[in-house]
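Biologist: Please give me a close look at one part, the contact between the two chains. Put it in its setting as well.

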Amino acid sequence: MLTRVTPGARGITPEEVRVRIGEAVFPNPWKRELEFNPPVHETWNIVHIGMLLPQAHQIYVCAENCMRGVVMTAAEMDALERFSCVLITESDLYRDNLESITLEGVTDVLHKLPALPPAVIVFPVCLHHFMGCDLQYVYAELEKRFPDVVFVRAWMDPVMQKTGPTPDEKLRTAMADLLTAGSAQPYPEGGFHVSVIGDNLPLEEDSDIARLVSEAGARLHRIQDCGTFAAYRQMAGSDLFIARSPLAAPGMRRAAKRLGKPGLYLPNAYGYEEIRRMRGQLAGALGLQPDTALFNHRQNEEIEACEAALAGAKATVGTRQIAIDAAAVQRPLGWARLLLEHGFAVKTVYLDMIHPEEEKDFLFLQESFPDLYLHKTVHIGGRVLHGGRLCREEERAAGGEEVLAIGPKAAWYEDTPWFVNMVEYGGLWGYYGIRRMAQLMEEACLVKKDTKEIVQRKGLGCTCILPGAAERTRI
Amino acid sequence: MRQTNRILPVYSGDVSGACSALFEMGGMVVIHDPSGCYSTYDTHDETRWYDTDSLIFLTGFTERDAMLGNDKKLIEDTAQAAALYRPRFIALCNSPIPYLNGTDFAGVCRVLEKRTGVPVFHVRTNGMHDYVQGVSQAFAQLAETVLVEEAVTAESTSFAGGPLKVNVLGMTPLDFAAPGAAEALEDKLEKASLRLHACWGMGRGVQSIGSSARADVNLAVSSSGEGAAQVLRERFGTPAVFGVPCGAFSERLLRETEKAAGDRPGQFTVPFLEVPENAAARRTVILIGEPVVMGSLAAALRMESGGSTKTVVAAATENSAPFIRKDRDFSFFGEEELAKRLRVLAREADSRGERIAVAADPLYRPVCPEGAELFPVPHLAFSGRIFLDRMPDLFEGDCASIMGGKWI
């Protein structure tokens, strides 16, 4: 139940926060204006991502208010021992271009640690940009002072995120930059090795990528399996590099080029033809024979299994309206298209911009399903317009049942306990991904979730010590 | 180095403080920031975000906006949102970059006021201070803006009879996160024959804030209440008493509150500083945190222990000087300074053969002296949501119940 403290909101209508795809503009359906942040925090931030780097210590150099968000992320992960703060105050702005506070602060933290970590991820911030901080000098000096430490050049500069690579993308790239020729020996067991770069959530063993790698007799490496910093850097000895996320692709491409090895960007697509093409690419890179009748036959079997899974999900979901959010799947329009083509009642897609990779799906939906709503997640109308207030009475009456949401933001906006709790498409990929998601949709229709408790937790899949979380017993 | 924290988190920042203070006031707060301060606030520092429709928004400015100013966009977007929501007032606050590029907030406020027809003010945050600064300034600005000018007459105050009217100042979930805290305080006042007139800024009392001049006395339950207390004193001569009615100290504080209303117009009093201490006590409890809350708890401890306990308050937040005893307590900045002071205190206690304990948020554990027991007093402004299910109700029970049931 929403408590009202807002006195005079005039009747904000759903039309102000959403648009029919038939009338939407690609790739930015909305102009930039004030933003609202829904109480949904399951997506990963740079702290979560940095914690994936084994044995690494994170040091943020920023003002107190900016520090609060990242240090509390680490605290909620029960990982404060791998996190330190250097606070910028007003006087630092007048002393120099923040070189002193950054250099001496990081040095001080490292002297205070019980043991020097093999890697330190340093996060300068927006202020460093605008003060013109000479970070090359800072890093050179740090490397001189601590020759046994690898300094990872990260950023926490949200002011740049709408006009350039986001801090998330920069961090994934910086972590990929650690994979250098000098950092790895050939794998002692020999054979063909494949590394997935820049994944937040581990690629599942049943995913098409993992199965094809296994079929080729190759070995798959994931950062989540690396127990040490050295083990992570050993991934540089791989024969093939793969990225699933567009945010990981630049780092993967740089690593592959630097190491003179092939790199494949295999995004999470939901169209059979695109998956078929990417599987072929991967099979070719693994030395399998993608053009054989057997390979094609297997592909067809996979597709038949997907059709069966979707039909099964349809039988369970029925006419229930569906809402999809961009936090859950990297291509929400692609997923909406797949479901709409299979007779599901997709009503709304929650997103703030349309990724260039989705242009074909956007045009298809615009033509074939023009009444599909695109709903902005950061529109200020969202403050009062969610849950029951989002739907007009007649829509509610027509829908009957509560909405099935795919993703936490959609769940919050639709105020539904029936949702697939997923970010970044989890560890899914390929035909397996479609089948598994169909299964998760069925499960979501059968088991209610505590939306309020779940969606407010940060970093789905990370350790969480908040009240109600599984790891709570640690404290 | 005083500006580094190896393992301790930091307190909520000034932007979070400003937003928290104004959350229930029916206004609209616009944070001029790219993103981080807003999500930090609504994730870690605001327990009401999920269930309350308060209008707190973000400009989401870009690199280009930062370089070129682009105040026009700030004005246009804010005016548009105000037209949509019709807030009682508009407050602007900001993160470090608008501070750095010298955004003319006074000018922006004037233009916006003319455009929207509602009061507009700027809370001078810059992201480099703690929440106490933000809350205090926000309340002070609110007091300057929304308080109704009215003659304080015998009819308007309680001198004509009836219970004394009390404004509670500086009350936000950042310091008082236990469920029902505002109601518990109101009940406590009623039992002492005091009537809650207005509560700045949570609970039922927020409705009366505009007529705060009618109150007989201000009770500031945190140092965040100082800004509004000063404005109310300057404009209406209202006296203020600082303290939290907790444990055995409660009765004394409320008596002082009543007394201040009659005897000392315009005076500020801090009664917890006057609660005596037995220098010969064999146990020292060091209370770390916000000085008014911890100072009051310390006073309650001294009273409840019957002279067997000494206290030291380690004030962690800004502007704490008026609220600590110069000869016993101290304020600190950062982990290094705190750890050093705690080591010295532990050494001194050890040399005297005395016991030492710490009452603080559990996240302070890594810097507690070896062997010192930690009495947990979770504090939202420090550990955020982590101990949300264990927040102490400062207005109920004795020190033992407040400090995790551990105190004997």
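Modeller: Two residues are in contact if their C-beta atoms, placed from the backbone, lie within 7 Å. This is a predicted model. In chain A, take the contacts between residues at least 6 apart in sequence: 76% of them join residues at least 24 apart. The matching share for chain B is 73%.

The chains come first. Chain A contains 18 helices and 14 strands. Its radius of gyration is 24 Å, close to the 23 Å that the globule rule gives for 475 residues, so chain A is as compact as a globular protein of that length. Its C-alpha trace spans about 70 × 70 × 45 Å along the principal axes. Of its 475 residues, 52% are buried.

Chain B has 14 helices and 15 strands. For its 408 residues, a compact globule would have a radius of gyration near 22 Å, and the 21 Å of chain B agrees. Its C-alpha trace spans about 65 × 55 × 35 Å along the principal axes. Buried residues make up 60% of the 408.

Now the contact itself. Chain A gives 65 residues and chain B gives 64. On the chain A side, five elements give two or more residues: helix 2 (64-76), strand 3 (83-87), helix 3 (90-95), helix 4 (99-112) and helix 5 (126-131). Helix 2 of chain A supplies the largest share, 10 residues. By class, the chain A side holds 35 nonpolar, 13 polar and 17 charged residues.

Strand 3 of chain A also pairs across the chains. Two bridges join it to strand 1 (residues 4-5) of chain B. The two strands run antiparallel. C85(A) stands opposite N5(B) in that strand of chain B.

Helix 2 of chain A turns up again as cover for a helix in chain B. That helix is helix 2 (residues 36-45) of chain B, with nine of its 10 residues buried. Among the buried residues are Y38(B), Y41(B) and H44(B). Both D42(B) and D45(B) are buried too. Their cover includes helix 2 of chain A. From chain B itself, it includes helix 1, strand 2 (28-32) and strand 3 (55-58).

Step back within chain B. The domain assignment gives domain 1 (14-146), domain 2 (158-272) and domain 3 (275-402). The centres of domain 1 and domain 2 of chain B, taken over C-alpha atoms, are 27 Å apart. Their contact takes 20 residues from domain 1 and 21 residues from domain 2. On the domain 1 side, helix 1 (14-22) and helix 7 (131-146) of chain B each give two or more residues. Helix 7 of chain B gives the largest share of that side, 10 residues. The side divides into 11 nonpolar, five polar and four charged residues.

One more helix of chain B deserves a look. Helix 11 (residues 291-304) of chain B has 14 residues, which should span 20 Å at 1.5 Å a residue. Its end C-alpha atoms are 19 Å apart, which agrees. Of those 14 residues, 13 are buried, so helix 11 of chain B is largely enclosed by the rest of the structure. Just after this helix, G306(B) takes a positive phi of about 65°.

Notes: Residues numbered from 1 in each chain as written. Chains lettered and ligands numbered in written order. Predicted model: local features only at pLDDT ≥ 70, side-chain atom pairs only at ≥ 80, totals over all residues. Helix = DSSP H or I, 4+ residues; strand = E, 2+ residues; numbered from the N terminus. Rg over C-alpha atoms; globule rule 2.2 N^0.38 Å. Buried ≥ 20, exposed ≤ 12 C-beta atoms within 10 Å, placed from the backbone. Nonpolar A, V, L, I, M, F, W, Y, C, P; charged D, E, K, R; others polar. Pairing = 2+ DSSP bridges. Domains from an automatic or database assignment. Expected span 1.5 Å × (residues − 1).
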